[in-house]
Amino acid sequence: MSAAVAAQSAYTPGEQPQGGGWIKLNTNENPYPPSPLVVAAIQRELGGDGASLRLYPSPKSAPLRLAAARFHGTNVENVIVGNGSDDVLNLLARTFSDASRPVGMLDPSYSLYPVLSGLCAASVRRVPVSIEGDFDADAVAGCAANIFFLTNPNAPLGTAFSREKIESVLARFDGLLVVDEAYAPFANADTTGLLSEYPNLVITRTFSKAYALAGMRVGYALASAEVIAALDRVRDSYNLDRLAQVAGAAALEDTAYYERTIATIKATREATAAALQGRGWRVLPSQANFLMVSPPSERSISSAPAAAALFQFLKENKVLTRHFPQNPLTAPFLRVSIGNDAEMAVFLDIADKWVAAGGAAQLASVS
Ligand SMILES: *Cc1c(COP(=O)(O)O)cnc(C)c1O
């Protein structure tokens, strides 16, 4: 084993339970199916006998790159696609970091970044985010990273940074700024308009959340032609299979379908936030397809043991959420993905039962 691999523990993804009956609010998957155009495109590609699968796919995923370029009003040289956006993030770390080129990231943020950096033997520079969703742009500029991952909207907090904030980082930071926009379709703004002005900006997107294709593994990055050409040297020669390529392109075509499902998810998000706030819960403002929520307790509204106990109670009742106890900022919260209205009603019902049974109050009296 290489020293870098030996020193690194693997990324822990959210649980994918076997068997039915679970309500999965733990990995920010989409509760609605992908567009019917996506299903038709996959069936067309597969044909009656699957004969197309004999042949290698387009090595560069050329038609999908073109579709993404058109979608964003940019050129095909400014797009690379990957086997999920995790593949693209991995390419970015491998291409732009090593033992003498540190990787920066916000803290808390997506826990895959330090794993990818560690495998490149790169040291990690962390810049804290406040619970209000702010950070010090000068600290990013001064962290001496070669590449900095900035998740916007932030994961796991859900808050979005303004375009001015992103610009203030871009103007000062002389490394590559990767804005991970996995949740941007659920937000009020995106940063793609800044690409032509800032050659040090990279934007990553995924089909896993807003496009309901987590099981297909498709993502992409938008960047300068130089950055894309460098990433193309590092990627696998056939990094996207045939079905994933046509699925992604078809998804980008059906804007009307996705505008509808995204609007529904946002409405469910706001209704769930209002319902919890009405019950005295703390809910962070979210521009993503999840909410960070903290149950009320006797002594304070933010308690890590209460969140851990609620997580367990929900799981015993077959509702999966996510708890991030390692960071003091996230420890008092559960991250709850936005499901459909029926799933959120079950979540609220079980959460109510826990509170009624004295969940957080019991903890307050023992500790
Ligand atoms: C879900 C997620 C991704 C990964 O998306 P895939 O395309 O499924 O690999 C990337 N970044 C963040 C912040 C995410 O939450």
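Let me start with the lining of the largest pocket, whose residues divide into 17 nonpolar, 17 polar and nine charged. Please keep in mind throughout that what we are looking at is a predicted model. In that model the largest pocket holds about 1100 Å³ of space, and 43 residues line it, with Y11, T12, Y110, S111 and R322 lying nearest its centre. If you want to know which elements to look at on the screen, helix 4 (85-96), strand 3 (103-107), helix 5 (112-119) and strand 12 (322-323) each supply at least two residues of that lining.

Staying with strand 3 and helix 5 for a moment, I would like you to find P108, which sits in the loop between these two elements. The peptide bond that leads from D107 to P108 is cis, with omega near 5 degrees. A cis bond is also found from A155 to P156, here with omega near 10 degrees, and P156 belongs to the loop between strand 5 (147-151) and helix 7 (163-172). While we are on the backbone, please also look at A121, in the loop between helix 5 and strand 4 (124-128), where phi is near 60 degrees, a positive value in a residue other than glycine.

Now let us turn to how helices pack, beginning with helix 3 (residues 62-72) and helix 9 (residues 242-253), whose axes are 9 Å apart and meet at an angle of about 20 degrees. Because angles under 35 degrees count as roughly parallel, that makes helix 3 roughly parallel to helix 9. The crossing of this pair is left-handed. Which residues of helix 3 meet helix 9? They are P63, L64, A67, A68 and F71, and across from them in helix 9 stand A244, Q245, G248, A249 and L252. Sorted by class, this contact has eight nonpolar residues, two polar and no charged ones.

The second pair is helix 11 (residues 304-316) with helix 12 (residues 341-356), which pack at an angle of about 125 degrees with their axes 10 Å apart, and that makes helix 11 oblique to helix 12. Here helix 11 passes helix 12 in a right-handed crossing. From helix 11 the residues A306, A309, L310, F313 and L314 meet F347, I350, A351, K353 and W354 in helix 12, and the contact consists of nine nonpolar residues, no polar ones and one charged residue.

Definitions and conventions: Residues numbered from 1 in each chain as written. Predicted model: local features only at pLDDT ≥ 70, side-chain atom pairs only at ≥ 80, totals over all residues. Heavy atoms only, no water. Axes fitted to C-alpha atoms, helices over the stretch in contact; angles between N-to-C directions. Helix = DSSP H or I, 4+ residues; strand = E, 2+ residues; numbered from the N terminus. Parallel < 35°, antiparallel > 145°, perpendicular 65-115°, else oblique. Left-handed = near helix turned anticlockwise from the far one by under 90°. Contact = heavy atoms within 4.5 Å. Nonpolar A, V, L, I, M, F, W, Y, C, P; charged D, E, K, R; others polar. 1 Å grid on protein atoms, 1.4 Å probe; cavity = no way out; pocket = protein on both sides within 12 Å on 5 of 7 lines; lining within 4 Å. Points joined across faces, edges and corners; volume = space filled by probe spheres on them.
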